[in-house]
Amino acid sequence: LHVRSRRQRQMCIRDSVRRTYFQIGGIVLNKERLIDNFIHMVKIASPSKDERQVADYLKQQLEELGMEVYEDDAGYKVGGNTGNIVGILKAPGKKKVLLSAHMDTVLPCENINPVIDNGIIRTDGTTILGGDDKAGIADIIEAIRVIKEKDYDHPEIIVVFSICEELGLLGAKNFEIEKYSPDYSFILDSGGKAGVAIIQTPYSAKGEIVVIGKSAHAGIDPETGVNALTVAAHVITKLKLGRIDSETTSNIGMVRGGEAINIVMAEVTLKYEARSFSKEKLENLLKDTQEKFDKITKQFGATYEYNVDRGYPGYHLKDDEEIVSYFRKACEKMGIECITKSTGGGSDSNIYTGKGYKAMTIGVGMSKVHTKEEFIAIEDLYQTTELLIELLKGIA
């Protein structure tokens with residue numbers, strides 16, 4: 001916000017909040033507090049592996065809520081400056097619910113200037129906003145504040161603010177969820193308004209494929225060389241790329257190679273990824289891809305290095321599973337539509353599901369994420385927080 005002091009910022013937020021005030025259910029939130037906290041957090045730069053400042057802020061927030069607060073060693077494992085921040089709100093004998101959102105954002109995230117206009121929070125156009133995923137963090141904190149203030153019945157709540165999600169879910173991969181064994185996990189990290197639940201995501205694989213030819217002078221004796229790019233091009237024409245079927249995609253997103261314009265290219269690196277809702281289809285696609293590289297590189301007298309690793313596991317929640325039923329009932333209590341859908345992307349939910357724990361990603365209203373046009377509606381922040389409170393009350 002283009003104002004000088006915290007008091008001026010609060011006055012600006014208060015005016016905007018009044019213009020967008022509404023109440024859906026019986027819960028009255030402190031909307032000004034929710035938005036003020038969100039604005040404060042997005043102004044804290046937190047690129048992947050450098051989340052220390054926002055982590056310290058969140059540790060203080062959770063401690064003020066009377067939660068047991070821990071920081072794990074995930075940062076050490078991935079080369080970052082902070083670990084995942086974990087907060088526990090005890091409820092002995094009750095179900096355990098994990099709530100999570102990630103602290104890191106994509107670039108550019110320095111000197112973010114949020115602007116509120118007609119109930120919409122956006123930037124001044126020079127940076128991202130950081131609603132991915134500080135909107136989820138703000139919703140979680142406000143929901144727990146209200147639960148504490150109103151003394152609502154609740155399950156045991158395990159809050160995880162993870163690191164390095166944008167680098168490949170590294171925080172979740174290095175979080176020891178087994179220590180806490182939640183019955184259900186809700187990850188607040190998706191576009192879509194309150195009521196959106198991601199119940200299906202793909203299995204993934206990604207990495208590098210390096211084609212190795214032989215260098216030669218391009219103007220004197222090119223016939224003695226083997227152009228790695230030419231070999232790679234022949235392979236690519238045989239690969240299954242793009243939309244393979246309704247469940248499967250494949251892509252080469254980056255190509256890098258060459259030393260000079262007058263040298264036959266000796267090596268080229270291809271950045272490759274594949275995804276499928278079917279684990280079997282993904283494995284078959286990867287096998288076919290490797291076989292084509294094997295066959296065609298041999299034909300040209302070249303070699304290749306195949307460094308494609310399995311990424312996050314997919315998951316598919318059925319409509320009659322408890323985690324889905326609880327979410328649907330919370331939507332009904334609020335009078336909003338429950339929308340269950342699939343997505344081609346992954347989140348921390350994939351990692352936790354792969355470790356044997358039921359997890360679901362839910363919408364927080366973020367829009368045009370990873371761009372300088374990113375924005376979020378105040379109404380969506382409000383609704384998501386209220387839905388989260390209803391969800392926790394319903395599970396208690």
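This passage looks at the cysteines and at one small sheet with the helix that lies across it. The model is predicted, so local features need pLDDT of at least 70 and side-chain atom pairs count only at pLDDT 80 or more, while totals for chains, interfaces and linings use all residues. Residues are numbered from 1 along each chain as its sequence is written, and side-chain values use heavy atoms, with hydrogens and water left out.

Cysteines come first. A disulfide is a pair of cysteine sulfur atoms within 2.5 Å, and the count here comes to 0. Take Cys-109: its closest cysteine sulfur, in Cys-164, sits 12 Å away, too far for a bond. For Cys-331 the closest one is in Cys-338, at 4.3 Å, which is also too far. Cys-109 is buried (under 20% relative accessible area, 1.4 Å probe, protein chains only), with a value of 3%. Cys-331 is buried too, at 0%.

Now for the sheet. Strands here are DSSP runs of E, at least two residues long, and helices are runs of H or I of at least four, both numbered from the N terminus. Two strands pair if DSSP finds at least two bridges between them. Three strands make an open, antiparallel sheet in the order 4-5-17. Strand 4 (114-117) and strand 17 (375-377) are the edges, each pairing on one side only. From one strand to the next, the twist averages 25 degrees, with angles running from 0 to 180 degrees between N-to-C directions of axes fitted to C-alpha atoms, for helices over the stretch in contact (heavy atoms within 4.5 Å).

Strand 4 and strand 5 (residues 120-123) share 4 bridges, and Asp-117 has Ile-120 in strand 5 as its bridge partner. Helix 11 (residues 378-395) lies across strands 4, 5 and 17, at about 60 degrees to strand 17.

Terms used
Buried means under 20% relative accessible area, exposed over 50%, partly exposed in between (1.4 Å probe, protein chains only).
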